[in-house]
Each structure stands twice: as structure tokens, then as C-alpha cells.
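Dear colleague,

Please find below the structure that I am handing over to you. My findings follow after it.

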Amino acid sequence: MQSFLNRSAAHIFGQHGTHMDDVWVVLPTRRAVSFFQQELAKQSDKPFLSPHVLAVDDFITQAAGVQLIDSVSLLFELYEVFKGLDEKLEFGKFLNWATVLLSDLDRIDQYLINPSELFSYLTAAKSIERWQLELPTGKAATLETAGTQRYFKLFDNLQAAYEALRERLRAKGLAYRGMAYRLLAEETKALVRDNPTYGKLYFVGFNALSRSEETVIKILVKAQKAEVLWDTDAYYMDSPRQEAGKLLRGYKQEGWSGAWKWEEDYLTGTPKKIQIIGVPNASMQAKVAGHLYAQNGASEQVGETTENKDERTALVLGDETLLLPVLYSLGESVSDLNVTMGLSLRNSLLFTLIDGLFEMQRTMAEFRIKDGSTVRIPKFNHRHVVKVLSHPFIRQYEQVCLPPPPPETPPLLRRVINKITTENLVYLGENQLIELGESSSLFKVLFRRWPVEKPLAVIQHFYELIDLLRDVYAYKQDAIETEYLYLFHNLLRQLETTLEREERKELVDLRSLKQFLYELIRQTSIPFESEGTSALQVMGMLETRALDFDKLIILSVNEGVLPQSRRLNSLIPFDACREVGLPTYQDQESVMAYHFYRLLQRAKEVVLLHVTSPDAYGTSKGEKSRFILQIEHELKKAAGDNLTLEYPVVRFGNSTVEKAVALEELTIPKTANILDTLRAQLAPQLNPGGKVIGGLYPTHLNHYLSCSLRYYFSRVIRIKEDDEVEEQLGADEFGEWVHNTLERLDQEYRMKNRVVEEQTVKEVLREQYQTQFGNRVVDSGMNFLLYRIAEDLMVKFNNQQQEKYSGSLEVLQTEEEWSTVLEVPTSIGTIPVRIAGKIDRVEKLTSPDGSVKLRVADYKTGKVEKTETRINGEEWLTETKYEKVRQLWLYQYLVYKKMLEENGLQFSNGWATGIDTEVVAGFYSFRNLKEDFIENSLKLGHAADYVAITEQHLKQRIAEIFDQTKAFTRTEDKKVCEWCDYRRICGR
């Protein structure tokens, strides 16, 4: 099938032959220029001089006789214009909207909008907005603030700024893109029509003309100096509902381009096979695309005709950030390819390092001093420090350039990260980090504070960083990353040159420097150099304009990507755009529809990949594109048997072996090794210090009963989460802090019969905070609130104890571990199992009648209700909701057991009792202090009966743990999984 550019080349060659000195061919893109020249060369067996073939942007700027200004210089020019209109304008505030305004000015000029009409409309609209007409009757209007006054003044100054900017640029022979388009449209007759340099012009492959482009072309066509070659299909030209032909139908109906060249019937009149494939995530598309192309290449090697070997394939990326994954998925075996897109510097590893350094530099630690004011101290946040130290380039620098550590010593970066984590260093100063880094040049470059008001000094810091990274790149020999480093160095040079003017040095601070640099990075990409005749073309959707391919693989055909989301970043509201004739998102969708369907016109085989996960591209972008739905329901109906739709299913792994593990049936059998591990863990052991450890604790038993798989992960193979630095107190840390404070108050005061005053509570609480969390800010934020909460709860608890139990309550012991050994018959024989638990407090309560009761108390910083300690039959042994009952049950058992073994209890203060003392267990809930001591309702009799019944239950449960016929399985109660650390491992 003849491609559009081949037909266009044949048409132009037929008109002029080999004499094309004054012929100009204008195409949508530079890639189309390259393809057209190849097609034109095929028209003759003899060499001839090529006509002038240009992309439209190059043609416009050349014909208009202007030079395009770079984006950073343009921002400064615009600022100086606005500064002349408003002396109070702040440069930082200006940057917030300047880029958006420049984009609007570009569109205004491209579409030849009357600036006076538009800006008058906007000024009037803002004036109406000031009236606050939408306020309900009787509600007073709000007064304008300085901020709103500046906002409205911006719109008042738009027209003056627009005119002044154009004058400044014209005087310097410069222009922004839209301005160049307007200049040529206003002077087409002089610059092109009457210029003998331009003999005949051909505008090839356009569809959505801006008003300036349309004006230029109309003038030249009317003078019979230009011809327009369209590429259209009857499918969308004949249907008024099809958005792809919206603009083109208008051009054809107006008839200004003369005889319509050309309209075919390829979409419905030629055979096509379209495969529609859904994959779970965005990156997986790259794998599938690489596999599909590899399959295609393999089939061609089996035996294809010469004609088929000339077929070209395009891999089109709706989401251009997938370029690197796609290139890697193609593998080294694919060498004959051309990449039209550039690799964006913003998507590089180098940019992630730059971004991490900027984020680190902008952090400040805030502290509140005694007078209530806030002091900001420049310190680095631990998250950003660890992120920078963990960056691949920094790790590679450590391997290549830093001296190796002594044997069995972690590398320097790991040592620093470990110290930050173990000592919970939330904020770190410059000198502190350099000292941690042993004064290496790497740490001096990374963690030197940047001067906020001296952007050129910051650029020098980046030069030093580049010097360090050069050795890493030389070692890696990564051509792409080396090119990124070279591009970044050039950007710094460009920015440095722009900022060297004295009046600009004072304007730019660290924030605006970042904005400038990021804008340059956004615009910069690595261009690939390769031959356009390659069998495989990798490109974005806009690069496909005017090009045709036999086989297509299009990625990210998702709503919100193809076409893009309905948003227009503009200061001009939607109604104003429609009023004056500026394009809206509706026009953008029409243009993208044309690109999509035009690409399908001459293709024989098409694969459309889309992502099925709803969060792959953000909210509302997880559904397949409307283009797929249109193909399924409209194009298929129109094409009939000429269109074959297929829906292949992607499967990964060995296709010959179908093996699946159902997560709902995830089990871990109890092997001999696991049973040996369990026996070793539950038996009493001696640690190096001679302390007895190991055994079964209430928490462990609760884990097993609620979810035996959780017990396996936590106790058998001991999976732990990585330690992290916490800026805010977690629930466990808050509880530990309160427990330690209560322990000190008991040991240092109550057990010594010393009165605990309110001030004493506050002092001990503060001292304990400094001991545990000395590196954390407590004067502001969540930690400040939590500190005040803890202080309030501790004071209330102390007051309640004194008021209710004055003289009747004696603290006997605090924060001590109790244990006993139980011989348990199991499937691997009778084994000794240590039953242990750390009891927060043991206290003696003497009633007015002289009777004594021993209370085993557990502190809970969370809320505990009385209903949580009430039991129902034997369910307390198995149900998850009775975890608190089982905890108190074992504490009470341990106390009774020791009482029976020793015929009494001996504490540090010398108090002892026989086996007849009543023991009860309960909670002090600090979020439910009004209930005081919440006693466990479980009753198993007095000491001997309580111990006998408990040991019977414990032997049954422990024997079950060792029962090889009962594997470790996942719980059916999903509520247990909500706060489980292992839910991702088991698929919950």
C-alpha cells in the first residue's frame, strides 16, 4: 500500500521533475522531513538537488526572519516588562504564573487573537468577579486584601505587558514561537508571496491549522503559489459524529485549498487485524511490546517474501516516560531501530539526585523557645539525607572512589545510615554530617549548606558534584548517563550566563533558581542519532504525523493518556477561549483522534496495549481509551469482515507448566527443621549475660491463636521490618515512654514511700523523653501535642491514685519478668516450655476490713473498655477479640504459680504471704481513667485450681503448635490483617 509521503513525493516530483531549486516542502515534524526526503529520492534513478524541505516551526522562524528566544531569557524579559508596570511585583510571586502566561501569549499569537478584545474581556470578567454577585442576599462582601489586589492588577496590566514584550523582542530581533507565527501571518505577502526565493510551496500532512498557519497558507494558495496535500479517510470525513475529522471537514467545506488532495477509504476498505491487550500495570506494557516485536522478527526469519521484508513497524508510546523500559525490553538482539523521541533529562537517575539535593537544602528545623516564638535552624531532615546517601550514583562513588573499609566493617555510607537510624537522628547539621562522613570530599559536596541568596554559588556546588561523578561514569561506561551529565553541565553554563548580569543576581534566590533549572531540564532530552530507514521506529504519538507503518504497537491506550485528560493550564477561562476563538480541550481531543485514526489508515496489523489497573495512571486513568471503544462498536460495524479484532491474554512464566498457588490456601507445613526451631525457641535459654530468655509469652500465644501464619513469620523465621527514623512518636514509642516514666515513679518514689507531686510527674516525664527521644523536636507539631497529652494523662493518673487509694495501695513490684517452666507432651516428645510475661506492676490493696488482695496491673495507653474483659463460655481460648483476657489470664497464672512453688511471695520491700491471698489481674487504661482498674472477669478458682486448669489449656495449645498435621495457615478473619506487618506477604 502506497504511503502518504511516497504519494506526496511522487506528486511533487511529477510537477517539477528534478528542477526544484525554488520548491519548498513544509511538513509537521522534522522526522517527517527525513522520511519525505527518502521517498523523494526514490522517484529518480539519477541524483538531483533536493527542494527546501522544512518542519513547519523551522519554516515559520526562517521566513519571519527572527531568532527564537530561550525560555529562561524570555522569563526575565517578561519580568522586566511587568516590573515597569508594577514596581512592587516580587520576582518569586511572578514565577508562579509567568510560565502559564507565556504559554497563553504563545497561543494568542498563533491564533491571531485580537489582544485588545481578549484582554478587555478578561478585565471585565475580573471586574464582575470583584462584585461578588454570587453572594446570597444579606451577606456582606469581603474586602479586597493585598493579595487579591495584586491578582486583579495582573489582569489589568496584561495588554500593556503583551505589547511592551513584543516591542522589546522585536528591537532585539528575537521572538517566542507564537510571536514568530503572528509576524509571518501579518507579513506573508511581503515575506513569502512576493519573495522570489519561494517559487512553489507544498504544505504536506497538516490537519489542525492554527489561525496564523491558515492565514499564511490561504494567502499563498490564493496567489497560486502554494498547494495543500491532505491525508484523510472517508470514515471520519463522512461522519459528522467522528471527532477525528472535525476540523478537516470544515476546511474541505470551505474549499479554500482548492481540489481536495487526498481522501481514501483505507480504514474500512482494506483488511486489518487489531489486537487489544490489557495488562496489569504500565511498565508491563514494555515487556509485552518487546515480546510481540521479538515474535514478529522470528516469524519473518522463518520465510517471508521480499515485499514483506520491507515492512516497517512503529512502536508508539502514548506515555513517553516508558521509553527506557521499552528500549530495555527490546534487548540487545534488536539493533536495527530508530528512536525519534528524546530521552528526557527529567526522567534520568541524575535528575533524581538533583531533586533530592534541592529537597534536602530546603528543609529547616523549627523550634519553639520559652517566649512562644519560633526559631528556624538550617538542618537537614534525615529522610532526605538517607535518600541522597542511598542514591545509586552515590553508592557507586563509594565503591569506586572511597577507600575500602577494614574487614568485617560496613562501608562508610552504610555506617552513616545505621548511625542515623539507631540513634534516631531526625535533624542533622552540616558539620555533624561531614564529621559522620569522616570529612570525605563526597560529604563536603553533598551536605554543604547552599547560600539562599547566591545562585551562582549554588551552580558552583553543582560543578563540584559533576567533578565527583565523572569517575563514577568513567567506571560504569554508561553512554546514556554520561550524556545526561554532559547535558546537565551545559544547562548550568547556560543558566550561569543568564544570571551573570548584576540586576539578575539580586532577583534569583534558591527557590527561583530551582524553578529555572527544572524548566531547562524539562525542555532538555538526549537526541538519538540513527537512520530513518530502520525496520523499527520508536516514537511518541505527535512524532507519527504524516508517517505510515505496516505494523503498529501502541502503548498506554488509556483514557486520560490517549487522549489526555481534559485540562488546560491557562489564565484564560474556558468561556473566554470560546468567545475569542482560542482552542479548548475539545479541539485537543479532536486533534489527537485524527493522529490516532490516521496512523491506523494504512496499517495492516495493530496491537493496542492498555493498562487495566485503576491506579496505574492515577485517578480515572485506569480504563481503556474511548478510541478502543470506538473501534469495537463503530469502526468494526463500518468495516465488517475487513476488520478482525482479537483479545490475546498475557500470561507470564512457563506456558507448558500451569502451576498456581492460591493465596486463599497459603499454608506452611511443619517440617522437622521447623519443629526443631520451635523447640529451641520455647525452651528456656541462657543469654551471654547469664539471663534466662526464650519461651512463650502472651503476645506470642495471641499471635498463634489469631493467625498461625503470623506466628510463623514473627517467631519461627523472625521477619522484621527495617528500622526507620521516626520524626513523630508512634503508638509503641508513646507507650514505652509512658511505661518507663511510671516505672521510675514507682521505683524512685512510691516503693520508697515518697510522695509523688504533680511537678515530680512532669519532671520525670520530661527527663524520660530526653533520654529516649532527645533528637526529636517536641516544641511544635504532632510531638508537641502528644507530649501535652502524655503530661495530662500522667498527672490525672497520679491524682486519681492518691485520691482513691491513699494509704490502702502499696506498689510491690514494677516492670519485672515472671516465668515458669512447663513440661508439655508433644508430637516430638515431652519438652520443657518456658511460660513468661513482663508484668507492669504488682500492687497490694488493703480493704477497710483488713483483707488483702494482690493486683496484677498492665498499663494500656490505648482505650480499654470493661466489655473487652468479659468472656463468653470457652470462646476466650480461641477468639481474637479475647486477646486482652488471655494476656491477663497468663499474668495471673504466673503469679499464682510462683505463689504455690514458693509457698508465698517475696518482694524487695520484704512483704510475703501464703497461698491464700487472692490475686486478680486488670488494666489501667489511660484513655479510660474513669474506670480506674478494669478487672479481668475470667474466674478459674483459687491458686491451685487456677494453675491446674491453666496448665491443662496451655498443654493443649502448645501441643497443637507442634502438631505436624496442622500447618501454619492464614486466618479467615480479615480484621486481624488490618494492622498486621505481614499482610503484603500473604496477599492481604
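Please note that this is a predicted model.

I begin with helix H32, which spans residues 698–706. The buried residues of H32 pack against three further helices, H33 (708–716), H37 (883–902) and H38 (943–961), and against two strands, E26 (829–846) and E30 (968–969). Helix H32 is mostly covered, with 8 of its 9 residues buried. These are Pro698, His700, Leu701, Asn702, His703, Tyr704, Leu705 and Ser706.

The aromatic rings come next. The count of aromatic pairs comes to 51. One of them joins Phe351 and Tyr518 in an edge-to-face arrangement, with 5.1 Å from centre to centre and 65° between the planes. The angle earns that description because planes over 60 degrees apart count as edge-to-face. Phe351 belongs to helix H18 (residues 349–361) and Tyr518 to helix H27 (residues 510–523), so this pair ties together parts that are 167 residues apart in sequence. Both partners fall under the 20% limit for a buried residue: Phe351 has a relative accessible area of 7%, and Tyr518 has one of 11%.

There is also an aromatic cluster, formed by Phe76, Tyr79, Phe82, Phe91, Phe94, Trp97 and Phe516.

Finally, two charged residues lie over ring faces. Arg855 is placed over the face of Phe933, at 4.1 Å from the ring centre. Lys898 lies over the face of Trp818, at 4.9 Å from the ring centre.

With kind regards

Technical notes
Residues numbered from 1 in each chain as written. Predicted model: local features only at pLDDT ≥ 70, side-chain atom pairs only at ≥ 80, totals over all residues. Heavy atoms only, no water. Buried < 20%, exposed > 50% of the residue type's maximum accessible area, 1.4 Å probe, protein only. Helix = DSSP H or I, 4+ residues; strand = E, 2+ residues; numbered from the N terminus. Contact = heavy atoms within 4.5 Å. Phe/Tyr/Trp six-rings, centres within 6.5 Å; stacked < 30°, edge-to-face > 60°. Lys NZ or Arg CZ within 6 Å of the ring centre and 35° of its normal.
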